[in-house]
Amino acid sequence: MKHIYNALLLSMILFSIVSCEDYTNLTPKGALVIETADQFHEMVALPNRGYPINNFQYLSDDQWMKESYVIGQTPNINTINFTFDESTDRVALMTASSFYNQAYTYINRWNTIISLVDGSKGDDATKRLAKAEAKIFRAYDHFLLINTYAKAYDPQTAATDGGICIMDKFDLEAQPSKSTVAQVYDFIQNDIEDALPYLQETPLNVYHPSLAFAYAFKAKVHLFKREIEKAKEACEKSLSYNDKIFDLVAYSAQGGPNVVTVPAANNVEVLSYQYMTGYNEMNFAYQYIISPELRTLFGTNDARFNLFFNISSTTNLDQGSNTAYWATTYTKFFYPTVGMKTTEVYLMLAECYARENKLDEAIEILNQLREKRILSGTVDLEVPSTRKETMELVINERRKELLLGFNRFFDLKRLNNEADYAKTITRVFPIVNQTVPKQTYILQPNSRLYIIPFPLNAMTKNPKLTLNTDEKVPF
């Protein structure tokens, strides 16, 4: 057992590295061996969890690139995605992936807790709690992975669609077989259901999962599977624990982030603390430019845009492109991107109502959110006459509220499975540069680009891990 604890300790020290090195039985001088239930429970808290989005961010119609980063550049994963290029060998360019490595490193951490906590010293209630919290995070990481590297869940094909490797035990040398999309979703939902009875409404600290987060995540999984009634029930349960919406209209009247700082702990909407890069990231920074389409969608009276975005930079933007970038550091205002927040739960609930043809209820929820977002003009939306129109309003609010991160990319993938909501993305580029001709780039709803290739270093280490597209591997 001491050997395993020391392996755990070293894996924590070298946390950002995925390796298969042999560990010794030597305890580093001054190191603490993890041996109590309380220590395992404390291990669940990981303030620096980062989930980079660079492998897919430019496939989203919400994001944009500076023209100089595309024109005349040697093809890279960013330019391939931005120009929707299916002809260039993107597999050969994906030698490694920080997101892939980090997500599975976190999963190994959760598996360590789940596998070892029962043999530790301490009371059974703490052991059950530590295991439940680790399971909900293990499920969350598998959810991010399956929706990145595989097809979106389709009830007709999920049982045969290639998925990802399920990691359900602490094993640094494991070479698991790839599971199907359906099998991964079953695993995720089993972990959620196992965890729910033991989670707390108010956990030890903000880096531990709460019941509000767990039910929000449960709702998201059901929604992605189109299990609408179950998704609605989980949304309502989550909101029974936390239904707060941060009032950006009142915040704007106070002067916004340059006058009143709102760190993560002060944002009442936050349900889980994760970042795109890490705890000390500059939240979004200049490389996260939003598209002309999204900027136009915001309009001129939306606090989500007016408070946080820069439109005048001559360094970070192409003037005249109608783009903008997030210019507010995370220390001034923490805006969740890869985690979850209460407003996502409201929007999921609105979608459930729309799908059930309860159009009045769906729009009522959207208006409840918009009251805290729209600064002037038309705040309350009128109820459309059709479900499709109502869904369009829900989708638009999701784009404006759930900025960057995984949300829009995942939404495009799942909605592309439904004819009413599938979108063909058209991108005209460049907008400003006059030295090269404008071209129109098109991303079809069924494009293989939506399925991100596994990184080559992962496929080299595990021959059972095969691509979920028809692309070729260079070995």
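**Why these names apply: salt bridges, burial, strands and a patch**

User: What makes Asp 141 and Arg 49 a salt bridge in this predicted model?

Analyst: The closest N and O atoms of Asp 141 and Arg 49 are 4.0 Å apart. The pair also links distant parts of the chain, for Asp 141 belongs to helix α6 (residues 124-149) and Arg 49 to the loop between α2 and β1, 92 residues apart. A salt bridge requires a side-chain nitrogen of Lys or Arg within 4 Å of a carboxyl oxygen of Asp or Glu, so the name applies.

User: Are Asp 141 and Arg 49 buried or exposed?

Analyst: Asp 141 is buried, as is Arg 49. The term means that the relative accessible area of a residue is under 20%.

User: How do you know that Arg 304 and Glu 397 meet in a salt bridge?

Analyst: Their side chains are 3.1 Å apart, N to O. Here too distant parts of the chain are linked: Arg 304 is in helix α12 (residues 303-306) and Glu 397 in helix α15 (residues 387-401), 93 residues apart. The limit is 4 Å, and therefore 3.1 Å satisfies it. Both residues are buried.

User: Which residues are linked in a network of salt bridges?

Analyst: Arg 304 and Glu 397 are among them, together with Glu 269, Asp 302, Lys 341, Arg 370, Arg 373, Lys 400 and Glu 401. The structure as a whole holds 34 salt bridges.

User: What makes Lys 169 and Asp 168 a salt bridge, and are these residues buried, partly exposed or exposed?

Analyst: The closest N and O atoms of Lys 169 and Asp 168 are 3.2 Å apart, and 3.2 Å is within the limit of 4 Å. The relative accessibility of Lys 169 is 47%, and that of Asp 168 is 41%. Partly exposed covers values between 20% and 50%, so Lys 169 is partly exposed, and Asp 168 is likewise partly exposed.

User: Why is Leu 294 called buried?

Analyst: Its relative accessible area is 1%. Buried means under 20%, so the term applies to Leu 294. This residue is located in helix α11 (residues 292-298). Leu 294 and Asn 396 are 102 residues apart in sequence, and their C-alpha atoms are 9.1 Å apart in space.

User: Is Val 428 buried, partly exposed or exposed, and how do you know?

Analyst: Val 428 has a relative accessible area of 39%. As this value falls between 20% and 50%, Val 428 is partly exposed. Val 428 is found in strand β7 (residues 425-429). From its C-alpha atom to that of Val 268, 160 residues away along the chain, the separation is 39 Å.

User: Why are β1 and β5 called edge strands?

Analyst: An open sheet is formed by 4 strands in the order β1-β4-β6-β5, with antiparallel pairing. The strands β1 (63-64) and β5 (309-310) each pair on one side only, and they are the edge strands.

User: How do you know that β1 and β4 pair?

Analyst: Strands β1 and β4 (residues 289-290) share 2 bridges in the antiparallel sense. A pair needs at least two bridges, so the requirement is met. Trp 64 stands opposite Ile 289 in β4.

User: What makes the surface patch with Asp 38 negative?

Analyst: Its members are Asp 38, Glu 42, Asp 123 and Asp 124. Asp and Glu count as negative, and therefore the patch is negative. Asp 38, in helix α2 (residues 37-43), has a relative accessibility of 46% and counts as partly exposed. Patch members need over 30%, so Asp 38 meets that limit.

Notes. Residues are numbered from 1 along each chain as its sequence is written. This is a predicted model: local features need pLDDT of at least 70, side-chain atom pairs count only at pLDDT 80 or more; totals for chains, interfaces and linings use all residues. Side-chain values use heavy atoms; hydrogens and water are left out. Patches are made of residues with over 30% relative accessible area and no salt bridge: like charges are joined within 9 Å, nonpolar side chains (Val, Leu, Ile, Met, Phe, Trp, Tyr) within 5 Å. Accessible areas come from the Shrake-Rupley method with a 1.4 Å probe; for residues, only the protein chains shown count as cover. The place of a charge is taken as NZ of Lys, CZ of Arg, CG of Asp or CD of Glu. Buried means under 20% relative accessible area, exposed over 50%, partly exposed in between (1.4 Å probe, protein chains only).
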